[in-house]
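Hi,

Here's the structure I promised to pass on. Have a look at it first, then read my notes underneath.

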Amino acid sequence: MFSKSSAVSGAPALSLQGVSMSYGAEKVLHQIDLNLAAGEVLGLLGPSGCGKTTLLRLISGLLLPDAGQIQIAGTTVAAPRAGITLPPEKRGLGMVFQDYALWPHMSVARNVAFPLEMMRVGASECKDRVTRALDRVGLGAMAERRPSDLSGGQQQRVAIARAIVAEPPLVLFDEPLSNLDRELRETMVEEIADLVADLNLSAVYVTHDHAEALTLANHVAVMRGGWVEQLAAPAELVDHPKTAAVAEFLRLGCLLPALHDAENWLIKGTDLSLPAGVFGGAEAQVLLPEKALRLDANGPNKLKTEVLRAQVRSTGQALTLRVVGTNHVIRHLTPAPVRAGDVLELSFSPEDLRWFPVADPHH
Ligand SMILES: Nc1ncnc2c1ncn2[C@@H]1O[C@H](COP(=O)(O)OP(=O)(O)OP(=O)(O)O)[C@@H](O)[C@H]1O
């Protein structure tokens, strides 16, 4: 069986080249190229139906690609043209699912031991490794319980212990936190991030929650309609989204239509002219990143907005603002005492704007 020791040293933990997949006549993945270095986490992020689960199933071996090839730790596990297909159990992956997928009639320890039993690891080594894995996820005292006697968060920790117990070359997380409530999700994201770093795991983490992906992953592939729209480190995605769709999906701020008249770029519906960088054409979309906006009457480039809602938060007031002259909405957090109906001027620096063409590359 595939194990860390059979991994080709120095090879990427995962590599996909030109992977495509159709369900009948519907192409759901287009020419996916991805590389994940050992010890890193790749986030697969995108809205429902964009192809995340299909891509994960191709990696795990539950589905076969129509074209392209997939390598795990240097071993080719799928290459239809060369007739190569390794079944899921030979890929030696650790997997964590949304619904935990634990056996209810077995103890926590037996659940965690399962991958080792499949590998015919001896009883005493098996016991030591299970104990170590359960300790790592903070469940050392729960070994003899049944999963049904544990909370949702604890069950997910058992599933994580099972996924890491055999030290697989790659761990796949399929929306592991979506059944947990928000507060627990936030704690578990940090726990998983710490665990992945401590164990130097290589992992693919599927989610539709951008905060989870940005927290956990070294690189995030933002997917849409079966394409990888952008693959980049979290900071790069936030500062330099490649398309308007990426900016929108990551909720980076407000996308406004801009028109070029004889001399200037204007935000459509307003009289605010924008100092544009080099950008051809007569129409564009411009992103005003939320983090670039200041409530500063003396600042440059003042955009007039009306307060629709002001909600108290522990960190200030969360404002929902409408850009006057448009139906576009901006969110802004401020400590200032502001009320619905107030008119505010938001200021920003031109270098913080991000410009996109109106035409969409894939759609
Ligand atoms: N068994 C199937 N037969 C036909 N079409 C399918 C099948 N499974 C998925 N699809 C289609 O393939 C596309 C990608 O689905 P996929 O489940 O990979 O998306 P996803 O990003 O994981 O969505 P979600 O976040 O809702 O799970 C969708 O258009 C979906 O309708």
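Below is what I found, going from the overall layout to the ligand and then to one helix.

Bear in mind that this is a predicted model: local features need pLDDT of at least 70, side-chain atom pairs count only at pLDDT 80 or more, and totals for chains, interfaces and linings use all residues. Residues are numbered from 1 along each chain as its sequence is written.

The protein splits into domain 1 (4-93 + 168-239) and domain 2 (252-356), with bounds from an automatic or database domain assignment. Their C-alpha centres are 36 Å apart.

Around the ligand (C-beta atom, placed from the backbone, within 6 Å of it) you'll find Tyr23, Val28, Gly46, Ser48, Gly49, Cys50, Gly51, Lys52, Thr53, Thr54 and His208. Helix H1 (residues 52-60) gives the most to that shell, with three residues. Helices here are DSSP runs (H or I, at least four residues), numbered from the N terminus.

Now for H4, residues 123-136. Arg129, Val130, Ala133 and Leu134 are buried there, i.e. 20 or more other C-beta atoms lie within 10 Å of their own, with C-beta atoms placed from the backbone. Seen down the axis, the buried residues fall within an arc of 135 degrees (directions from the helix axis to the C-beta atoms), so they line one face of H4. Helix H3 (108-118) and helix H5 (152-164) are among what covers them, counting contacts as C-beta atoms, placed from the backbone, within 7 Å. On the other side of H4, Ser124, Glu125 and Asp128 are exposed (12 or fewer by that count). Just after H4, glycine 138 has a positive phi of about 75 degrees.

Cheers

Note on methods: Helix = DSSP H or I, 4+ residues; strand = E, 2+ residues; numbered from the N terminus. Expected span 1.5 Å × (residues − 1). Contact = placed C-beta atoms within 7 Å.
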